[in-house]
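Work through the exercises below with the sequence and the model open. Each task is followed by a solution in steps.

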Amino acid sequence: MIIDLPETTTNAVNKRLVKLRDEGGAVALGRVLTLVVLAEEADVEDAVAAANGASREHPCRVVVVAPANKRTSARLDAQIRIGGDAGASEVIVLRPSGPLVAHTDTLVMPLLLPDAPIVAWWPRETPDNPSADPVGQMAHRRITDAVNAGKSLQTLQRLSRSHHPGDTDLAWTRVTLWRGLIAAALDQPPYESVTAVEVEGEEHHPSVDILAAWLAQQLKCQVKLVRRRGVSGITKVTLERKGGPIVLSRPDGRIVTLTQPGQPDRRISLPLRQLEECLTEELRRLDPDEVYGEVLTKGLARIVE
């Protein structure tokens, strides 16, 4: 069910939610967190779809703030989605305009679930310092997505300078399976040290940089980055060892071929991760991701091109 509330206030939205709960049952009970999405209008539906999918594992209240930039008057239009239109969550979409745009924290505050963690998510462009953003200051976790930002690699570097415990980026989440494969490959005889690493991938994809930074930080060896045009995501990782290289190759963006000295090649399904899958993973933890913090603030400086 979708309910439109034009020219309203957040207090009126909250009262309508209470009324819906009284009329239709415990709409808001069992929610484990509030997910505040700070989006552009063009990204609202994709963000809601990903949040609805993630809500099947993490029932939550989703509050989307999408400024109506074409209007200059102080006005708030809202929309409530519950039932089949909201997955296992309840969704409130706020479209402020004029002076209201500068007060997102005041807008969302009446809609936060009591005594529940707050997660802030920017699906595209990120603030200069997420932890200093009005909503970011309230949040336990702050999720950005450098992959969808206009200048992805510059965004990643900016995030490294402003990093604060509780920050994370979906470029990091997209390499979780790569990290698992590499760790599993190294956790086998003959347990030789890695002397050099080469990471190849899409030239402007921040996940390529952040995987290289993780390897540099963990292995403390030279990691070279090779940027390719016309490819998707990470395409190849080569780990040099005395007994021969370990090579993980994914030229098609779907299947990784693992090549190791003295062993037959293995083919492993590893498609590019989708937004819903990454968001679901990040909502599993509300504590600071210390490994991500070290990779972002220290590992990026270790890679060479």
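In the residue classes used here, Ala, Val, Leu, Ile, Met, Phe, Trp, Tyr, Cys and Pro count as nonpolar, Asp, Glu, Lys and Arg as charged, and the others, Gly among them, as polar. The model is predicted: local features need pLDDT of at least 70, side-chain atom pairs count only at pLDDT 80 or more, and totals for chains, interfaces and linings use all residues. Residues are numbered from 1 along each chain as its sequence is written, and side-chain values use heavy atoms, with hydrogens and water left out.

**Exercise 1. Describe the lining of the second largest pocket by class, then that of the largest pocket.**

Step 1. A pocket is found on a 1 Å grid over the protein atoms alone, as an open set of points with protein on both sides within 12 Å along at least five of seven lines; lining residues have an atom within 4 Å of a point.

Step 2. The second largest pocket has seven nonpolar, five polar and four charged residues in its lining. Of these 16 residues, Arg174, His205, Arg250, Leu272 and Arg273 lie nearest the centre.

Step 3. The largest pocket is lined by ten nonpolar, two polar and five charged residues. Nearest its centre, among 17 lining residues, are Leu38, Ala39, Pro67, Trp122 and Glu125.

**Exercise 2. Place Val13 and Thr8 and list their contacts.**

Step 1. Val13 belongs to helix H1 (residues 10-24), whereas Thr8 sits in the loop between strand E1 (2-5) and H1. Helices (H or I, at least four residues) and strands (E, at least two) are DSSP runs, numbered from the N terminus.

Step 2. Val13 has a relative accessible area of 0% and is therefore buried; buried means under 20%, with a 1.4 Å probe and protein chains only. Thr8, at 17%, is buried too.

Step 3. Contact means heavy atoms within 4.5 Å. Beyond four places in sequence, Val13 is in contact with Leu5, Thr8, Ala78, Ile80, Ile92 and Leu111. With the same exclusion, Thr8 touches Val13, Leu76 and Ala78.

Step 4. The C-alpha atoms of Val13 and Leu94 are 9.6 Å apart, at a separation of 81 residues in sequence.

**Exercise 3. Check the length of helix H8 and its burial.**

Step 1. The expected span of a helix is 1.5 Å times one less than its number of residues. The 14 residues of H8 (residues 206-219) should therefore span 20 Å, and the end C-alpha atoms are 20 Å apart, which agrees.

Step 2. Twelve of the 14 residues of H8 are buried, including Val208, Trp214 and Gln217.

Step 3. Just after H8, Lys220 has a positive phi of about 55°.

Terms used:
Buried means under 20% relative accessible area, exposed over 50%, partly exposed in between (1.4 Å probe, protein chains only). On a 1 Å grid over the protein atoms alone, a cavity is a set of points where a 1.4 Å probe fits but cannot get out, and a pocket is an open set with protein on both sides within 12 Å along at least five of seven lines; lining residues have an atom within 4 Å of a point.
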